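The following exercises are meant to be worked through with the model in view, each one followed by a solution that goes step by step. Please look over the display first, and then try each task before reading on.

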Amino acid sequence: MTPGQPPERLGARSLDPHLQRYAARATGMTASEVRALFAVASRPEVVSLAGGMPNLAALPLDFLSEQVASIITDDGLTALQYGSAHGVPQLREQICEVMALEGVTGHPDDLVVTVGSQMALDLVTRIFCDPGDIVLAEGPSYVGALGTFASYQADVRHVAMDEHGLVPEALRAALGAAAQAGRRVKFLYTIPNFQNPAGVTMAVSRRAEVLDICARHDVLVIEDNPYGLLGFDGQIYPALRSMDADNVIYLGSFSKTFASGLRVGWALAPHAVREKLVLAAESASLCPPTLNQLIVSRYLATHDWKGQIKSFQSMYRERRDALLSGLEQHMPAGCTWTRPDGGFFVWMTVPEGVDTKAMQPRAVTARVAYVPGTGFYADGFGSRQMRLSFCYPPPERISEGVRRLAGVLTEEIELLNTFGPSTSRSLSGPQTPTPDTA
Ligand SMILES: Cc1ncc(COP(=O)(O)O)c(C=O)c1O
């Protein structure tokens, strides 16, 4: 090596000199579409309808800073110390009260506090999935879950949704196909409320049926519910877990209803699974951060957290309305989209021939960002879809973003009508309409 020569010049043949050393499971770890977009989408001139960052502006920061100071003053030696992998007992009890709003009657002993629900997703996949095991997930599904499933080399099969969420008939068909192929399905991963990315909610009338189908096929249900309390009309849907305590693992989070940076989430498991979950949590992180758990616990005990959630609901409702009315006003014919009654996301389908991934650089040039649909499928679907999030920018920026996006799409459709699909337009996935929410 010539002194001072940058190391990347030496490894010119391969960008990553460690490529041959990685375990097979690392092959499935690739940057998500959302992450790749972060850098461009965060430029101030770009209206980002891409990220799913909660808007924390309404939090009572002065009050919180007093509370954090008093936790350190009164209880600093506990707050700054290791804790149990299971989580702080008082917080576990309070979380059970939060879940009671959705009809869940779990015991604090069966609840494991995790570093966000993302860690809970990792733990359940770790304890249940061997490489090649089938995991069923809605099509489309949450990018972070698909990344976790890929990193454990699970084989993700998507199950269709419509505007009422997961379609029970499609679930039966997916389970039947796996059984016929002699394959084991380990679990169904579902986001029943205000789904990420589709924005749809599983109809209450379907919930018992979905649970019944899974129980009959001996398939566990992982219910991921970070948005459940963010319904815009104040409605709270009964959790799947409230209908079946033996076969559902419920994942919850304070990221969307309080503060995402504290990284406090949880898993409520059937009693028999709880111990394995705690052991897996111990090996992943020893314990969740004690200080952060005490902050959440103090917040729940001293602040009007339900009132705070109401103010989040009305803030997100206003943003949702801005997005939907912009879409109605500006989108060219042939575009369709979902109409969420909670959460952060709208899922849009564009006319045949338009590839949302190929179009993305043109959108960014026009100073608007979205996430192309292919990132939300494990199998290449989604090239005619995009996720539009309304959680972060103020309503007037959302309206402007939609206007810009409609301009890009209109031009794209005109080009398509004049010249037909370009090669790049047809590269990123099948053009077949997706069996999803459009
Ligand atoms: C459906 C879903 N599950 C889990 C998560 C992860 O949340 P947390 O911040 O609790 O890790 C997210 C975050 O966006 C999500 O949308």
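**Exercise 1: Two backbone angles**

R367 sits in the loop between α13 (356–365) and β12 (368–369), where helices (H or I, at least four residues) and strands (E, at least two) are DSSP runs, numbered from the N terminus. Residues are numbered from 1 along each chain as its sequence is written. The model is a predicted one, in which local features need pLDDT of at least 70 and side-chain atom pairs count only at pLDDT 80 or more, while totals for chains, interfaces and linings use all residues.

Task: describe the phi angle of R367 and decide whether R367 is buried, partly exposed or exposed.

Solution. Begin with the backbone: R367 is not a glycine, and yet its phi is positive, at about 65°. Next, recall the scale, on which a residue is buried if 20 or more other C-beta atoms lie within 10 Å of its own, exposed if 12 or fewer, and partly exposed in between, with C-beta atoms placed from the backbone. R367 counts as partly exposed because it has 18 C-beta neighbours inside 10 Å. As a parallel case, take Q153, which lies in the loop between α6 and β4 (155–162) and has a positive phi near 60° without being a glycine. Q153 is partly exposed, since 17 other C-beta atoms lie within 10 Å.

**Exercise 2: An open sheet**

Task: find the order of the strands in the four-stranded open sheet, name its edge strands, and then examine W337.

Solution. First, the rule is that two strands pair if DSSP finds at least two bridges between them. Strands of a sheet pair through backbone hydrogen bonds, either parallel or antiparallel. In this sheet the order is β10-β11-β14-β13, with antiparallel pairing. The edges are β10 (336–337) and β13 (371–372), each of which pairs on one side only. At the β13 edge, the partner is β14 (residues 385–389), joined in the antiparallel sense over two bridges, and P372 stands opposite M386 of β14. At the other edge, W337 is part of β10. W337 counts as buried because 21 other C-beta atoms lie within 10 Å. Two residues are in contact if their C-beta atoms, placed from the backbone, lie within 7 Å, and, apart from its neighbours within four places in sequence, W337 is in contact with L327, V346, W347 and M348.

**Exercise 3: A covered strand**

Task: decide how strand β7 (residues 220–224) is placed, covered or open, and find which strand pairs with β7 in the parallel sense.

Solution. Count the buried residues of β7, and the result is five of five. Then sort them by direction: L220, I222 and D224 point one way, whereas V221 and E223 point the other way, and all are buried. The parallel partner is β6 (residues 185–190), which pairs with β7 over four bridges; here T190 stands opposite E223.

**Exercise 4: Core and domains**

Task: identify the domains of the chain, and determine how the largest nonpolar core is shared between them.

Solution. Domain bounds come from an automatic or database domain assignment, which gives domain 1 (23–57 + 308–419) and domain 2 (61–302). Their centres, taken over C-alpha atoms, are separated by 25 Å, and 34 residues of domain 1 are in contact with 32 residues of domain 2. On the domain 1 side, α12 supplies the largest share, six residues.

Now turn to the core, meaning a set of buried Ala, Val, Leu, Ile, Met, Phe, Trp, Tyr and Cys residues joined through C-beta atoms within 7 Å. The largest core has 107 residues, among which L136, I222, I249, A267, Y370 and L388 touch the most other members. Helix α5 gives the most to this core, with five residues, and each of the two domains contributes at least three.

**Exercise 5: Around the ligand**

Task: find how many residues surround the ligand and which helix gives the largest share of them.

Solution. A residue is near the ligand if its C-beta atom, placed from the backbone, lies within 6 Å of it. By this test 14 residues surround the ligand, the closest being G116, S117, Q118, S253 and S255. The largest share, three residues, comes from helix α5 (residues 116–128).
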